[in-house]
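Reader: Here's the sequence with its model. Please pick one part and take me through it slowly, with every cut-off spelled out, since I like to know what the words mean.

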Amino acid sequence: MLKQDELKEVVDIAIELSTTKDESRLLQKILLTAIRIADCDAGTLYLENNGNLEFKIMETLSLNIRHGMESSIDLPPIPVSDDVTNACGYSAYTRELINIHNVDSRETIEWSGHEKYDKLIGYDTKSMLVVPMITFDDELVGVLQLINAFDANGNPTDFSNDDEYIARTLGALAAVSIINMRYTREMKLQMKSFVDAFAKAIDERTPYNGSHTKKVTKYCKMIAKHMNRLYETGECDDYFDENRMDQLIMAASLHDIGKMVVPLTIMNKATRLEEHLNDIEKRFELLKAYYEIDYLKGIILEPEYKEKTRYLDRQLEFIKQINTMDYVDDASIEIIKDISKKGYTTRSGELIMYLTEYETECLEIRKGTLTNRERCQMENHVVLTGMILDKVHFNSKYNNVEKIAMGHHEYLDGSGYPYGLKAEQLMLESRILAVADIYDALTSTDRPYKKPISQEKAFKIIEDMAEKGKLEIRLVKYLKEAVYEAE
C-alpha cells in the first residue's frame, strides 16, 4: 500500500509531467522520482527508436554517477526482441513488467545483459525492476529500469509489490507525457513545414518577396527578443513566451501569402509604363511616318511637318523621363494631359491617339509605379491573405496567426488598410509586424520598382510616421536598438 506522502508525490509528478515542455527535464524528473519513491540505488531510462531501445538518462546514487541527454557515455542500443538475456529488451518486446529478485540466481532465466554495464562502471547489480512504458493503444515508448532496492535500514532487498505499482504508474504517466510532447513537436514541425512551403511558393513567384518575408520575420524576432531582454530588467511590460513568439514568427512568414494571387505584372512593375513604353515608341514612329506621307502628298506644309515630328521626339523623351521619375509634379501632369488629347486621323478614318487611356493613367501616377486600380489589387493582398489563412485549421496555440498577419498594413490612427483599424483594435504583434514590414520595404536592395535608402534615413521615416500616430514609437525604438546592436 502506498504511503500518503508517496501517493501525493505521484500525483504531483503527474501534474508536473503534463506541463513540462523540455524533454531532458521530463525524463530526468521521471527517473529521479521513480528512484526516490522506490527507494533504490540506480535507474536508467531508454526510449524506443526503430526497434531499438536508446539510452537517454541514468542515475547511480552510490557512485554519484549521472548521465543525461547530452552524455558522452557509449551505451549501444538494445534490440527490442525475445532475447531473454536482456531484461530491458525482453520487457519492451513482451510489454510486461519484469521484477528480478537476484540477477545472479539463475533460478528462472539467465539475465546477463547487465554484466557489460556493471563491468563498465564497476557496479554490482543485484535486484532489478523493468517497466515498459506503453500508451493506452499499446504503443511502445521506452523502458524504465530501476536497480538495487533498499529496505528501511539501507540494506539491499527485492523490489516490492508497491514498487511495481509505483513503477507501472510512473511508466504510464511517462509514456503519455512523452507521446504528448512528441505530438506537440510533430504538430509544430508540420505547421512550420506548411509555412515554409508557402514561403517557398512566394519566393518562386518573385524572388524579392521571398527575401522580404525572411527579413520581416527576422526583424519581428529581433524586436520581440529585445522586448524580452527589457522585460527581464523591468523596462518593458510585454513578454514573448515560446508560443507567443511562435505565433508572431508564423504570422510574419505568412503575412504576404495573398500576393500569390496578385498578378506578376503588378508585383514586379518597376516603371510606370513597363512594356507599354515600347508601344508608345512604335506608335510615335508610325505617327511620324503618317505626317511624312502627308507632307510628301502636300497635305501639310514643311514647317508643320517639322513641328509635328519635333513635337513627337520631344514628348517621347519627356515620357521616358516621367516613366522612371520618383515623383511627378503638377506641371508634368499638365503636359501629359495635353499629349493625351492629341491624335491623328488616317485617310480611312481611324483615329490614332498619341497616348491610350491606360498609358495616360500610368504617366499621371504621382509617386510609385502603380495606377489606382493596380494599387487596389496590390493592397487587396491583405484580404486575400485572410481568405487563404481562413481555410487553414489553426489550433488554439496558433489561433491569433491570421489576425496578426492581416494587421500588418494597418496604422494606429486608422489610416491603414484594408479595414482602417485603430490602435485599440490592433494586437501588439500586428504593430510589430507593421514596423518590420515598412523598415524592410524602405531598406530593401532587391525591389524592382524602387531604390533602397540607408538605415539612418529609413529610421527617420518610420520615426516620423510614429510621431504622426501611425506606428508605435517604442517598437520603432526597439527595432532600431536591436538592428544597431546586431551590427
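**Strand β2 and its partners**

Author: Let's start with β2, which is joined to strand β3 (residues 65–67) by 3 bridges, the two running antiparallel. Strands here are DSSP runs of E with at least two residues, helices are runs of H or I with at least four, and both are numbered from the N terminus. Two strands pair if DSSP finds at least two bridges between them. Before going on: this is a predicted model, so local features need pLDDT of at least 70 and side-chain atom pairs count only at pLDDT 80 or more, while totals for chains, interfaces and linings use all residues. Residues are numbered from 1 along each chain as its sequence is written, and side-chain values use heavy atoms, with hydrogens and water left out.

Back to that pair: E59 sits opposite R66 in β3. The two strands make a hairpin with 4 residues between them, and N64 in the turn has a positive phi of about 55 degrees.

Now the other hairpin. Strand β1 (residues 40–49) also runs antiparallel to β2 (residues 52–60), with 8 bridges joining them. Y46 faces F55 in β2 across that pairing. Just 2 residues lie between β1 and β2 in this hairpin, and N50 in the turn takes a positive phi of about 55 degrees.

There's one more partner to mention: β4 (residues 78–79) is antiparallel to β2 and is held to β2 by 2 bridges. There, L53 stands opposite I78. If you're scrolling along the strands, keep in mind that in a regular strand the side chains alternate between the two faces of the sheet.

For the wider setting, the protein has 18 helices and 10 strands. It has 487 residues, of which 44% count as buried, meaning under 20% relative accessible area (over 50% is exposed, in between is partly exposed; 1.4 Å probe, protein chains only). Taking contact as heavy atoms within 4.5 Å, 65% of the contacts between residues at least 6 apart in sequence join residues at least 24 apart.

One helix pair for contrast in element type: α10 (residues 302–324) and α11 (residues 330–341) pack with their axes 11 Å apart. Among the residues that meet there are F318 and I322 in α10, and I335 and I339 in α11. By class, that contact has 6 nonpolar, 2 polar and 1 charged residues; Ala, Val, Leu, Ile, Met, Phe, Trp, Tyr, Cys and Pro count as nonpolar, Asp, Glu, Lys and Arg as charged, and the others, Gly among them, as polar.

Conventions
Axes are lines fitted to C-alpha atoms, for helices over the stretch in contact, and angles run from 0 to 180 degrees between N-to-C directions.
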